[in-house]
Amino acid sequence: MTPKEVANGYFGQGRVMQLATLHGDQPRASSVFYVTSDDMQNVYWLSEPARRHSLDIQQNRLVGGAVVIKEDLPVVGLQFEGEAGEVDDRDEQRNVIERYSEKYGNSVDELYDRIVAGTNKHHLYKVVIKRLELFDDVHFPQQSPVAITL
C-alpha cells in the first residue's frame, strides 16, 4: 500500500483528533471526534460555537491537528495543518452528517434537521488540509514522517 492509502485508512480508523488553535498568541489544544472526506482534503467535527476552539477559529482560521493511531512504540499517527471554519453548505452538511452518523451512531435525519433549523447546540466545522504528514514507523520506518500529497 502507498503512504496515501495507509494514511486514509488511519483517518478512518481514528476516532479522536487533537485540534490546535491560537488564542491571540497562545496555543490551545482540544480533543474532538471527527470524520474525513474521501480525498482526505477535509476533516470535520461537531462542536458548540461557544467552545474555546470554535471562538479561536473565528479570530484565526489557521489550525493544526493530530490523530494518534498507536499509543506506544513504534510511532503511528497523522499530523496536519490547514484552515478551519464553519460548514454552511447544506449538501456538504448532509454528506458529513451521514458519515458522522455511520461512524458514531447518531440519527442522520434528526441531527441534520436540527443543524439546518439552528436548534442543535453543535455546529459543523472543517479543516481544509494544506499539509498532511504520516508518522508510521511500522510500515515506513526509514521514511517517517512521510509528506502526503493531497
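Analyst: Helices (H or I, at least four residues) and strands (E, at least two) are DSSP runs, numbered from the N terminus. By that rule, Pro74 sits in the loop between E5 and E6. This is a predicted model, in which local features need pLDDT of at least 70 and side-chain atom pairs count only at pLDDT 80 or more, while totals for chains, interfaces and linings use all residues. Residues are numbered from 1 along each chain as its sequence is written, and side-chain values use heavy atoms, with hydrogens and water left out.

User: Happy with that. How many helices and strands does the chain have, and in what order do the elements run?

Analyst: The chain has four helices and eight strands. Starting at the N terminus, the order is α-β-β-β-β-α-β-β-α-α-β-β.

User: What makes the radius of gyration agree with a compact globule?

Analyst: The rule is 2.2 Å times the number of residues to the power 0.38, and the radius is taken over C-alpha atoms. For 150 residues this puts a compact globule near 15 Å, and because the chain has 16 Å, the two agree. Along the principal axes, the C-alpha atoms fill a box of roughly 50 × 35 × 25 Å.

User: What share of the chain is buried, and what is its accessible surface?

Analyst: Buried means under 20% relative accessible area, exposed over 50% and partly exposed in between (1.4 Å probe, protein chains only). Buried residues are 42% of the 150 in the chain. The accessible surface (Shrake-Rupley method, 1.4 Å probe) is about 8,300 Å², with 47% of it belonging to carbon and sulfur atoms.

User: Why is Met40 called buried?

Analyst: Its relative accessible area is 1%, and the limit is under 20%, so Met40 is buried. You will find Met40 in the loop between strand E3 (35-36) and E4. Its backbone is worth a look too: phi is positive, about 65°, although Met40 is not a glycine.

User: And what makes Thr149 count as exposed?

Analyst: Thr149 has 63% relative accessibility, and the cut-off is over 50%, so Thr149 counts as exposed. Thr149 lies in the segment after E8. Thr149 and Met40 are 109 residues apart in sequence, yet their C-alpha atoms are 9.9 Å apart in space.

User: Why are Asp113 and Val138 called partly exposed?

Analyst: Asp113 has 47% relative accessibility, which falls between the two limits, so Asp113 is partly exposed. Asp113 belongs to helix H4 (residues 108-117), and its C-alpha is 9.3 Å from that of Arg94, 19 residues away along the chain. Val138, in the loop between E7 and E8, has a relative accessible area of 44% and is therefore partly exposed as well.

User: Which residues does Val138 contact beyond its sequence neighbours?

Analyst: Contact means heavy atoms within 4.5 Å. Leaving aside neighbours within four places, Val138 is in contact with Lys70, Pro74, Val75 and Val76. The C-alpha atoms of Val138 and Val76 are separated by 7.2 Å, with their positions 62 residues apart along the chain. One of these partners, Pro74, is joined to Leu73 by a cis peptide bond with omega about -5°. Another cis bond, with omega about 0°, joins Ser144 and Pro145, and Pro145 is in the loop between E7 and E8.

User: How do you know that Asn120 is buried?

Analyst: Its relative accessible area is 10%, and under 20% is what the term asks for, so Asn120 is buried. Asn120 lies in the loop between H4 and E7 and touches Leu111, Arg114 and Ile115, not counting residues up to four places away in sequence.

User: What makes a set of residues a nonpolar core, and which residues touch the most other members in the largest one?

Analyst: A nonpolar core is a set of buried Ala, Val, Leu, Ile, Met, Phe, Trp, Tyr and Cys residues joined through side-chain atoms within 4.5 Å. The largest has 27 residues, and Phe11, Met17 and Trp45 touch the most other members. E7 gives the most to this core, five residues. A second, separate core has twelve residues, among them Val35, Leu46, Val87 and Tyr100. As for Phe11, its contacts more than four places away in sequence include Tyr34, Met40, Phe80 and Leu132.
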